[in-house]
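Notebook open, model loaded. I'm going through this one by element, core and pocket, and jotting things down as I look them up.

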Amino acid sequence: MTGISDVEWLQEFAREIGTEPPSPEEVAQLLELAAIAAHSSQRTAAPVACWMAGRNGGSIDEKIEAARRVSPPG
């Protein structure tokens, strides 16, 4: 099965919901946030953490730092 790229999918999804797709930098930051959440808890925390970060507003960097603060050391 051949699908479209992640960038194309995000562009189409953004159009569908009436917003702008994330920049490449924002994608990298969101993936970092998702990785912290997934490795510190159950994997299901990753998409929900990203949703919460987007819903809350503010910078993604602030959310990454918050995720690090609530994550166990190691």
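Which helix is Gln29 found in? I looked: Gln29 sits in helix α2. Note to self before going on: this is a predicted model.

**Entry 1, Gln29.** Next I asked whether Gln29 is buried or exposed. Gln29 has a relative accessible area of 14%, and the cut-off for buried is under 20%, so I put Gln29 down as buried. I then listed what Gln29 touches, leaving out residues up to four places away in sequence: Ile60, Asp61 and Ile64.

**Entry 2, Asp61.** One of those partners deserved its own look. Asp61 has its place in helix α4. Its relative accessible area came out at 46%; exposed would need over 50% and buried under 20%, so Asp61 goes down as partly exposed. I also checked Asp61 against Glu12: the two are 49 residues apart in sequence, and their C-alpha atoms are 26 Å apart in space.

**Entry 3, overall layout.** Stepping back, I counted four helices and zero strands in the protein. Read from the N terminus, the order is α-α-α-α. The C-alpha atoms fill a box of roughly 40 × 30 × 20 Å along the principal axes. The protein has 74 residues, and 18% of them count as buried. For contacts between residues at least 6 apart in sequence, I get 47% joining residues at least 24 apart.

**Entry 4, the core.** Which residues make up the largest nonpolar core? I find six: Leu33, Ile36, Ala53, Ile60, Ile64 and Ala67. Helices α2 (24–40) and α4 (60–70) each supply at least two of them. The largest share is from α4, with three residues. I followed Ile36 from this set: beyond residues up to four places away in sequence, Ile36 touches Ile64, Ala67, Arg68 and Ser71. Ile64 also turned up earlier, in my list for Gln29.

**Entry 5, helix α3.** I ran along α3 and got 12 residues, with 16 Å from its first C-alpha to its last. That is close to the 16 Å expected at 1.5 Å a residue. After α3 comes Gly57, and I noted its positive phi, near 80 degrees.

**Entry 6, largest pocket.** What is the volume of the largest pocket? My value is about 670 Å³. I have 22 residues in its lining, and Leu10, Pro22, Leu30, Cys50 and Gly54 lie nearest the centre. Helices α1 (6–17), α2 and α3 (45–56) each give at least two lining residues, and α3 gives the most, six. Sorted by class, I have 14 nonpolar, four polar and four charged residues in this lining.

**Entry 7, second largest pocket.** The second largest pocket holds about 350 Å³ of space. It is lined by 17 residues, of which Leu33, Ala49, Met52, Ala67 and Val70 are closest to its centre. Two or more lining residues come from each of α2, α3 and α4. I find that α3 gives the most here, with six residues. By class I noted 12 nonpolar, four polar and one charged. Two names I'd already written down under the core, Leu33 and Ala67, are in that list by the centre of the second largest pocket.

How values were computed
Residues are numbered from 1 along each chain as its sequence is written. This is a predicted model: local features need pLDDT of at least 70, side-chain atom pairs count only at pLDDT 80 or more; totals for chains, interfaces and linings use all residues. Side-chain values use heavy atoms; hydrogens and water are left out. A nonpolar core is a set of buried Ala, Val, Leu, Ile, Met, Phe, Trp, Tyr and Cys residues joined through side-chain atoms within 4.5 Å. Buried means under 20% relative accessible area, exposed over 50%, partly exposed in between (1.4 Å probe, protein chains only). Contact means heavy atoms within 4.5 Å. On a 1 Å grid over the protein atoms alone, a cavity is a set of points where a 1.4 Å probe fits but cannot get out, and a pocket is an open set with protein on both sides within 12 Å along at least five of seven lines; lining residues have an atom within 4 Å of a point. Grid points are joined across faces, edges and corners, and a volume is the space filled by probe spheres set on the points. Ala, Val, Leu, Ile, Met, Phe, Trp, Tyr, Cys and Pro count as nonpolar, Asp, Glu, Lys and Arg as charged, and the others, Gly among them, as polar. The expected span of a helix is 1.5 Å times one less than its number of residues.
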